[in-house]
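Here are a few exercises to work through with the model open in your viewer. Try each one yourself before you read its solution.

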Amino acid sequence: MCKVRVFYRALKIDYMIIVKEAKTLDRYILQEKAKGSVIGFVPTMGALHRGHLALIERSRQHAGFTVCSIFVNPTQFNNAGDFRRYPNVIEKDIALLAEAGTDMLYLPSVEEIYPGGTDGLEQYELGYLETVLEGQYRPGHFQGVCLVMQRLLSMVRPHRLLMGLKDYQQCMVVKRLLQLMRSDIEFIACPTIREPDGLAMSSRNMRLSPEDRKKAPAIYRALDYIKKELRAGELTGLKAKAGQQLTEAGFKVDYTEIAHAETLQIMDSWNGKDPLVALVAAFLNEVRLIDNMVIA
Ligand code: AMP
């Protein structure tokens, strides 16, 4: 049985403190910093799976005090239906995080993050990164990611920030945000955790029908195909073939692309040297899945 102790506006389950207000969060963070703890931070939108828990585990290796946040951020959804349907399984999430050894869970409300509402907020200078791939297909998405990240980071004030390479472009955007903020927070990118059949773990997977769940690993196979067939020279034919495989598997494809792994410049030919990443975004019915693989 886990030990439950109730504090003023904070609930302590076993060794995990649950906080809903920035004021309370601040008190705990100050206390931990005074003790000399290194703070690791794992921001999430909940509906947690092993991919998220791997970030917690990694944080525990790199930091003495791990804070996780769960906040379904309205400003990063360019599709209202997707926001409404985002899974909410908070009790299960709390149990998973406590079991994984998380020290603190921050569960802010929308008002806490956006006290003045969500209109007319700051714009970030993301340049090229915002114009391609997810930036192109989800207008405004990365502005929303930056808004919530800046707020969360200013509240948690971590030494280390841990995020997943499953969201490759998001990692690049958040690194850019840290530069814009002139922040010295250390960014730690963690590898993608997959199901045994190759499907990247994602909170959205639980919205797939049983038939679509069977089709979903085709994304991994398409990425793997690109990696195996990659040769110096033209890349357009390879991208098209991988896209065709996904269409034949029943997907509606947004993009099947190959990009420079450090700049995300779209590559139509390869000199045999540049580091490359293949990236896919595709729908199975109304569920949009993304994945990527570093291929060179
Ligand atoms: P989300 O809850 O989807 O916003 O994700 C929260 C964090 O978990 C982000 O840094 C994601 O990149 C990361 N993440 C999501 N899925 C995976 C996965 N399969 N493997 C590793 N990290 C992941």
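**Exercise 1. Work out how helix H7 (residues 141–156) and helix H8 (residues 168–180) are packed in this predicted model.**

Solution.
- Start with the axes: those of H7 and H8 come within 10 Å and cross at roughly 55 degrees.
- Next, the orientation. Angles under 35 degrees count as roughly parallel, and 65 to 115 as roughly perpendicular. H7 and H8 are therefore oblique to each other.
- As for the hand, this crossing of H7 and H8 is right-handed.
- Now pick out the side that each helix brings along. H7 puts in Phe142, Val145, Cys146, Met149, Gln150 and Leu153, and these meet Gln169, Gln170, Val173, Val174, Leu177 and Leu178 of H8.
- Sort that contact by class and you get nine nonpolar and three polar residues, with no charged ones.

**Exercise 2. Do the same for helix H10 (residues 218–229) and helix H11 (residues 236–248).**

Solution.
- The axes of H10 and H11 come within 9 Å, and they cross at roughly 160 degrees.
- Anything over 145 counts as roughly antiparallel, so that is how H10 runs relative to H11.
- The crossing of H10 and H11 is right-handed.
- On the H10 side, the contact is made by Ala218, Ile219, Ala222, Tyr225, Ile226 and Glu229; their partners in H11 are Leu238, Lys241, Ala242, Gln245 and Leu246.
- By class, this contact of H10 with H11 comes to eight nonpolar, one polar and two charged residues.

**Exercise 3. How many cavities of 30 Å³ or more does the structure hold, and what lines the largest cavity?**

Solution.
- The count is quick: there is one cavity of 30 Å³ or more.
- The largest cavity has about 50 Å³ of space.
- Go round its wall and you'll find Lys166, Leu199, Ala200, Ser202, Asn205, Ile219, Leu289, Ile290 and Asp291. You've met Ile219 already, in the contact of H10 with H11.
- Strand E13 (residues 287–294) gives the most to this lining, with three residues.
- The class split for the largest cavity is five nonpolar, two polar and two charged.

**Exercise 4. Describe the second largest pocket: what is its volume, and which residues are closest to its centre?**

Solution.
- Its volume is about 290 Å³.
- The second largest pocket is lined by 17 residues, and the closest to its centre are Met45, Ile70, Phe71, Val72 and Asn88.
- To finish, sort the lining of this pocket by class: 13 nonpolar, three polar and one charged.

Definitions and conventions: Residues numbered from 1 in each chain as written. Predicted model: local features only at pLDDT ≥ 70, side-chain atom pairs only at ≥ 80, totals over all residues. Heavy atoms only, no water. Axes fitted to C-alpha atoms, helices over the stretch in contact; angles between N-to-C directions. Helix = DSSP H or I, 4+ residues; strand = E, 2+ residues; numbered from the N terminus. Left-handed = near helix turned anticlockwise from the far one by under 90°. Contact = heavy atoms within 4.5 Å. Nonpolar A, V, L, I, M, F, W, Y, C, P; charged D, E, K, R; others polar. 1 Å grid on protein atoms, 1.4 Å probe; cavity = no way out; pocket = protein on both sides within 12 Å on 5 of 7 lines; lining within 4 Å. Points joined across faces, edges and corners; volume = space filled by probe spheres on them.
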